[in-house]
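Here is a short set of exercises to work through with the model open in your viewer. Try each task before you read its solution.

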Amino acid sequence: MDIKLIVSDIDRTILPANQIISPATYNAVRDCRARGVEFVIASGRWYPAARKVAVDQLGIEDGYMIICNGGAVVRSDGSFLRQWRLSSAQAHQIYELLRAEQVMMTAYVPDAIYRVRSQYLTVFRLPETSYFDGGASYCVVDDDWQGFEERGLDGPYKIEAYADDTALLAHLRREVEAMGFQANSAFPFNLEIMAPGAGKGAAVRWLTAHMGLNRDQVMGFGDYTNDLPMLENVGWPVAVDNAIDEVKRACRIIAPSCEDDGVAQTIRKYVLGDEQL
């Protein structure tokens with residue numbers, strides 16, 4: 001197995017509920033990079049939250065990250081290599097659809113997350129806040145409708161809908177897909193809407209080509225539906241055991257669960273240990 005690039009989701013794939021990367025995962029990533037195998041996170045998180053894992057916990061200070069569900073490929077320092085953003089017209093089209101429904105809305109732009117109507121999400125903590133510690137370069141802006149409309153809709157990477165009502169989110173997914181947009185979820189209570197053709201799959205394809213590799217040299221790890229486009233664009237798709245069944249069916253390997261360091265175990269077995277299937 002000639003793996004040169006590993007791409008992995010973060011939450012519930014390499015990062016367990018305690019939000020701390022295990023020593024086993026840290027050591028597996030370190031050993032991969034020492035052998036010349038690039039390890040890249042591919043997450044729905046924006047840059048500050050992704051950096052907390054990739055740089056602060058995994059120590060990847062000179063690598064790549066796929067952020068905002070594939071909205072951009074960046075270097076570890078946050079500099080952009082490639083972006084996929086909704087046009088202002090597309091963003092307003094999605095906004096008009098979502099604001100007629102009882103959903104919390106978020107818009108991700110390069111330096112901010114704009115959120116309105118958080119009262120429609122009660123069974124899950126507000127995303128990103130717990131990963132954000134302030135700072136001059138990035139901000140989370142709550143319940144500023146003017147800011148949401150003027151800045152949040154100005155070329156966002158993605159617009160999200162959050163609600164306790166999963167049937168409503170499924171309905172909205174069908175609506176936005178019928179409009180031509182890319183849509184998927186990171187967990188049951190959210191819907192992530194992106195430009196046509198965008199997503200983790202497009203970002204992985206671009207990065208694979210950028211590094212001069214072919215798909216058979218790429219291994220990917222995931223657990224939920226927003227990982228499917230990524231897993232469909234690597235030669236070695238792997239689902240952790242806590243993944244949903246739809247993801248497991250799309251993968252060649254089922255790893256142990258996130259809590260059992262499934263990513264680290266699989267890397268040790270097939271990439272560092274060179275065990276062949």
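Contact here means heavy atoms within 4.5 Å. Keep in mind that this is a predicted model.

**Exercise 1. The surroundings of I6**

Task: Find which residues I6 is in contact with, leaving aside its neighbours within four places in sequence.

Solution.
- Step 1: Apply the cut-off around I6, and the list reads C32, V37, E38, F39, V40, M219, F221, I267 and V271.
- Step 2: Place I6 in the interior. The largest nonpolar core has 98 residues, and I6, F39 and I267 are those with the most contacts inside it.
- Step 3: Look for the main contributor. Helix α9, residues 262-272, gives the most to this core, with 6 residues.
- Step 4: Recall the general background: nonpolar side chains tend to be buried together in soluble globular proteins.

**Exercise 2. The sheet of 8 strands**

Task: Work out the strand order of the sheet with 8 strands, then name its edge strands.

Solution.
- Step 1: Trace the open sheet across, which gives β5-β4-β3-β2-β1-β12-β13-β14 with mixed pairing.
- Step 2: Read off the edges: β5 (80-83) and β14 (253-255) each pair on one side only.
- Step 3: Add the twist. On average, neighbouring strands are turned by 20 degrees against each other, direction ignored.
- Step 4: Zoom in on one pair. β3 (residues 64-67) and β4 (residues 72-75) are antiparallel over 4 bridges, and I67 stands opposite A72 in β4.
- Step 5: Add a helix. α2 (residues 47-54) lies across β2 (38-42), β3 and β4, and runs at about 135 degrees to β3.

**Exercise 3. The buried side of α6**

Task: List the buried residues of helix α6 and say what they pack against.

Solution.
- Step 1: Use under 20% relative accessible area as the cut-off for buried. In α6 (residues 200-210) this selects K200, G201, A202, A203, V204, L207 and T208.
- Step 2: Collect their partners, which are β1 (5-8), β2, β3, β4, β12 (218-222) and α7 (228-231).
- Step 3: Check what comes after the helix: α6 is followed by G212, with a positive phi near 75 degrees.

**Exercise 4. The sheet of 6 strands**

Task: Explain why one side of β8 and one side of β10 are left without a neighbour in the sheet.

Solution.
- Step 1: Write down the order of this open sheet, β8-β7-β6-β9-β11-β10, where the pairing is mixed.
- Step 2: β8 (139-142) and β10 (182-184) stand at the edges with a single partner strand each, so one side of each has no neighbour.
- Step 3: The twist averages 15 degrees from one strand to the next.
- Step 4: Follow β10 to its partner β11 (residues 190-194), which pairs with it in the antiparallel sense over 3 bridges. There, A183 has I193 as its bridge partner.
- Step 5: Add the helices. α4 (residues 145-152) touches β6 (104-109) and β7 (112-116), at about 135 degrees to β7. α5 (residues 166-178) lies across β9 (158-162), β10 and β11, at about 10 degrees to β11.

**Exercise 5. Two positive phi values**

Task: Are R117 and D143 buried, partly exposed or exposed?

Solution.
- Step 1: Start from the general rule that most residues other than glycine have a negative phi.
- Step 2: R117 has a positive phi near 65 degrees and lies in the loop between β7 and β8. Its relative accessibility is 12%, so R117 counts as buried.
- Step 3: D143 has a positive phi near 55 degrees and sits in the loop between β8 and α4. At 47% relative accessibility, D143 counts as partly exposed.

Definitions and conventions:
Residues numbered from 1 in each chain as written. Predicted model: local features only at pLDDT ≥ 70, side-chain atom pairs only at ≥ 80, totals over all residues. Heavy atoms only, no water. Pairing = 2+ DSSP bridges. Helix = DSSP H or I, 4+ residues; strand = E, 2+ residues; numbered from the N terminus. Axes fitted to C-alpha atoms, helices over the stretch in contact; angles between N-to-C directions. Core = buried A, V, L, I, M, F, W, Y, C linked by side-chain atoms within 4.5 Å. Buried < 20%, exposed > 50% of the residue type's maximum accessible area, 1.4 Å probe, protein only.
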